[in-house]
Amino acid sequence: MTNILTLWTLGLTEEECGILRQNAGASYRCQVLDTMDSRHLAELLDSFASSREEKEEPLLLWLGSKAWLHLAKETPDLMRRLSYLPVVLLLSENPEPHLLEEALDAGFQQVLRAPLQKKHVHEALSRALEVRNLYQDMSRMSREILMTRELLNRKSEVCALMLRLFSVVSEAEDARDLLRRCGDELRSLLDLRGIHALWWGGGREVFAFIGQDDASNRLDAASSRAWCEFLLGEAPAEIRTMSVQLICCGGSTGSPDAGKVLWLPLETRGNRQGMLALMFAHPLLAGRDMALALDAIRHFITLALEGFMRDAREELQSARACGKAG
């Protein structure tokens with residue numbers, strides 16, 4: 001289907017309007033503005049200028065010579081408003097040299113001399129369509145550039161987050177310090193409220209890393225117990241029967257809310273060894289870049305936790321062996 005394009009006319013004679021309609025064809029609709037007073041005309045132009053995206057933009061305004069001279073003299077403010085529109089000025093057949101010079105310097109898209117002819121109409125419409133298509137292409141390119149810039153900014157933020165996180169977390173002293181540091185870095189970009197983890201690592205004991213500031217590391221603390229039960233509720237059945245050791249990491253706020261928690265499996269070589277729970281202020285709608293970043297982060301945390309927990313077990317076994325030898 002062909003869109004019907006609008007042509008505005010102001011100050012043209014009936015004969016000139018007829019020639020315009022006849023030669024423009026069925027693809028164009030002519031709207032005469034002569035019946036509008038200056039106030040209504042100003043309101044129309046203002047509404048068009050303030051919301052171009054919502055208004056139907058006229059392809060051209062055909063402006064008669066007498067109307068131009070009247071507007072320029074009596075309502076220069078209204079004349080300035082016309083600068084938002086592509087205008088074809090139709091001068092008299094023999095305009096005075098100074099009027100012709102003023103018209104050429106006034107910034108109109110095209111200046112014609114009467115009488116209006118078929119070739120004038122076709123030439124003006126063809127040029128107007130070329131100009132409109134050019135501006136539309138420029139507008140689309142501008143939007144694409146802005147979208148690309150926004151996409152690059154987001155990618156840059158995600159990459160910067162990962163670099164900071166890997167750098168800072170690499171300095172962690174133990175598993176508790178690891179998760180606290182990770183939470184601090186994630187909060188710099190995401191609206192994170194808490195980071196919690198459950199680790200069983202193939203052993204006989206489950207470690208619940210709770211992001212609460214409970215120095216006593218006791219399960220009888222209400223907030224710690226709530227999070228521990230919440231984490232165990234998502235664990236496999238055989239894990240829930242193991243003894244649980246609570247380790248408070250701190251830095252988190254809020255009670256468990258299943259609708260705001262993002263679960264990330266902690267796996268190595270296809271073997272699940274735990275779960276990471278990230279709680280946000282609102283449900284996270286992660287884009288592709290953020291999803292890839294979180295996936296890389298969970299792999300990093302899994303490997304780091306595996307190393308820390310292995311070292312902890314070896315230290316414990318060594319201490320027990322020394323005790324027996326003594």
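**Exercise 1.** Which residues in H6 meet which residues in H7? Work out how the two helices pack.

*Solution.* Before we start: this is a predicted model, where local features need pLDDT of at least 70, side-chain atom pairs count only at pLDDT 80 or more, and totals for chains, interfaces and linings use all residues. Residues are numbered from 1 along each chain as its sequence is written, and side-chain values use heavy atoms, with hydrogens and water left out.

Step 1: pick out the elements. Helices (H or I, at least four residues) and strands (E, at least two) are DSSP runs, numbered from the N terminus. H6 spans residues 118-169 and H7 residues 175-187.

Step 2: list the contacts, meaning heavy atoms within 4.5 Å. On the H6 side you get Leu-161, Arg-164, Leu-165, Val-168 and Val-169; they meet Leu-178, Arg-181, Cys-182, Glu-185 and Leu-186 of H7.

Step 3: get the geometry. Axes are lines fitted to C-alpha atoms, for helices over the stretch in contact, with angles from 0 to 180 degrees between N-to-C directions. The H6 and H7 axes come within 9 Å and cross at roughly 155 degrees. Angles over 145 degrees count as roughly antiparallel, so that's the label for H6 and H7.

**Exercise 2.** Describe the ring pair in helix H8.

*Solution.* Step 1: set the rule. Rings of Phe, Tyr and Trp (its six-membered ring) pair if their centres lie within 6.5 Å; planes under 30 degrees apart are stacked, over 60 edge-to-face and the rest tilted. The count comes to 4 aromatic pairs.

Step 2: take one of them. Trp-227 and Phe-230 sit 5.5 Å centre to centre with 90 degrees between the planes, which makes the pair edge-to-face. Both belong to H8 (residues 222-233), 3 residues apart, about one turn of the helix.

Step 3: check burial (buried is under 20% relative accessible area, exposed over 50%, partly exposed in between; 1.4 Å probe, protein chains only). Trp-227 comes out at 1%, so buried, and Phe-230 is buried too, at 16%.

Step 4: widen the view. Trp-263 joins Trp-227 and Phe-230 in one aromatic cluster.

**Exercise 3.** Place strand S7 among its partners.

*Solution.* Step 1: two strands pair if DSSP finds at least two bridges between them. S6 (residues 192-199) pairs with S7 in the antiparallel sense over 3 bridges, with Trp-199 opposite Phe-207.

Step 2: S8 (residues 243-248) pairs with S7 in the parallel sense over 6 bridges; here Phe-209 faces Ile-247.

Step 3: of the 6 residues of S7 (residues 205-210), 5 are buried, so the strand is largely enclosed by the rest of the structure.

Definitions and conventions. Parallel < 35°, antiparallel > 145°, perpendicular 65-115°, else oblique.
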